[in-house]
Amino acid sequence: MTTTLADLERARDIAIEQSGWGRRFTFYQPRNFAFWGYLALVGTGVFIAAAKLTREYNAYGQAIALAVTSFAIYAALFWWFTQHIDHYAKLPAKLMVVAFLWGGFAATFAMAANANDAILALYAKAFGQVWALNWGAGLAAPFTEETAKGSGLLLLIALAPRQVRTAFDGFILGAFIGLGFQIVEDIIYAMTSAASQFGANQIGASIDTIALRMVSGVAAHIVYSAIFCAGLIYLLGRPAEPRRVGRGLLLMGTAMLLHGIWDSVGAIAGDAPLMVLVLIIAVIVAALVIAVRVYRSTVARERDFVRDVMSPELARNVITAAELEAMAGNREARKAYRKAGRNRSERKRARYVLNAAYDLGDELAAARGADTDRVRFARAEVGRIRSGAPSPW
């Protein structure tokens, strides 16, 4: 059976509609109750955080400034990394900022901190102070913190139902929620460590904490939240992601288990320092391996969207079959496409062609498949870069 251009365009339109690719996100939604809920909880968290930092700034201002600067750079690097791994139906940048703020202020100060304190107090009364100190964090934080972060994803779905459509969207937004949580928590840890010597050596006292939190943070809240939120999307189901209750519960439970083991390393290992180190490394490796597996399984749907959106451009000879395979493929496919060039100049041009083709996909999605001036310009750019012609601008 012959597939016509009209068939390919219909499949493209369905993919654009299902994926939400190219849809703009409007945060200000006064008629949406989720908007006011988000503002109330994030606002509460901001107020608590500002009060805490203001109260401590005079004594530990240097440590706070160092921590904020260091983790701002950390956040920028993470943003770059997510843009590097997400070549597909990208979420609006504004939505990722909203996710970050939820994790940084609502999930921390407005929700998890209060819940943790209450549960730890109950544990101490029921099982004693020593047991609560050893096991309390590992049996409280995984539930309070992951659900606090996951509730943010529920609000984001209510605020952006046309943009949050797949488990991969949950994975990316969960990572940004976790990033916000991680950074604010790390700043508090750095501020606390600055007080360890009565503030006399606050930079020296906090810099070790900052370095340790940066290294361990790669496989901490960012990863836990990404896995948990991908599972939450599977549990709920979305128009572009069939409901898979078992898979969803498994991923959510896995995130909580990793979190619980991490917070209980000292209690599990006891007085064996070597065992503490082994457990820390094991949890980090396990978390990263699981995160990579979840990424690979969830991103497959996004690659299908790219293929459907760009197939009509192959039929029009705007892109080649090799370019389509690279666009809808993984990192190895893109690398193979670039390395197919005979020399450095051709390999460099191949990278630019691929970037231009992704830009064309973004324009097609934003135009809902219409043949707009921006789409025509993007098509022309793909051909111009492939031919090596100079830019007219």
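## Two domains, a positive patch and paired charges

The C-alpha centres of domain 1 and domain 2 lie 36 Å apart, and that is a handy starting point for finding your way around this predicted model. Domain 1 covers residues 31-299, while domain 2 takes in residues 316-387. With those bounds in mind, let us walk through some local features, beginning with a loop.

Helix 11 spans residues 273-315, helix 12 spans residues 321-327, and the loop between them holds Asn 317. Have a look at the backbone here: Asn 317 is not a glycine, yet its phi is positive, at about 65 degrees. Is the residue buried or exposed? Asn 317 counts as exposed because its relative accessibility is 66%, above the 50% cut-off for that class.

Further along the chain, Arg 368 invites a similar look at the backbone. Its phi is near 55 degrees, again a positive value in a residue other than glycine. Arg 368 sits in the loop between helix 14 and helix 15, the latter running over residues 373-387. With a relative accessible area of 30%, Arg 368 is classed as partly exposed, since that class lies between the 20% and 50% limits.

Now turn to the surface. Which residues form the positive patch? Arg 331, Lys 335, Lys 339, Arg 344, Arg 347, Lys 348 and Arg 351 make it up. Two helices, helix 13 (331-339) and helix 14 (344-366), each supply at least two of the patch residues. Helix 14 makes the biggest contribution, giving four residues to the patch. Arg 347 is a good one to pick out on screen: it belongs to helix 14, and its relative accessibility of 33% makes it partly exposed.

From the patch we can move on to charges that do find a partner. Side chains of opposite charge can pair when their charged atoms come close. How many salt bridges are found in the whole structure? The search gives 16, and a few of them are worth visiting in turn.

Start with Arg 12 and Asp 13, whose closest N and O atoms are 3.2 Å apart in their salt bridge. The two partners are worth viewing separately. Arg 12 is buried, as its relative accessible area is 5%, which falls under the 20% limit. Asp 13, by contrast, has a relative accessible area of 35% and is therefore partly exposed.

Next comes a pair within a helix. Glu 146 and Lys 149 form a salt bridge with closest N and O atoms 3.0 Å apart. Why are these two residues separated by about one helical turn? The reason is that they are three residues apart in helix 5, which covers residues 141-159. Both Glu 146 and Lys 149 are buried.

Helix 15 offers another pair to inspect. Arg 384 forms a salt bridge with Glu 381, with 3.0 Å between the closest N and O atoms. The partners both lie in helix 15 and are three residues apart, about one turn of the helix. Both Arg 384 and Glu 381 are buried. Beyond individual pairs, salt bridges with shared partners join Glu 9, Glu 313, Arg 316, Asp 371, Asp 373, Arg 376 and Arg 379 into one network.

Notes:
Residues numbered from 1 in each chain as written. Predicted model: local features only at pLDDT ≥ 70, side-chain atom pairs only at ≥ 80, totals over all residues. Heavy atoms only, no water. Patch = residues over 30% accessible without salt bridge, like charges linked within 9 Å, V, L, I, M, F, W, Y side chains within 5 Å. Areas by Shrake-Rupley, 256 points an atom, 1.4 Å probe, with all protein chains shown as cover. Salt bridge = Lys/Arg side-chain N within 4 Å of Asp/Glu carboxyl O. Lys, Arg positive; Asp, Glu negative; His and termini not counted. Charge placed at Lys NZ, Arg CZ, Asp CG, Glu CD. Buried < 20%, exposed > 50% of the residue type's maximum accessible area, 1.4 Å probe, protein only. Domains from an automatic or database assignment.
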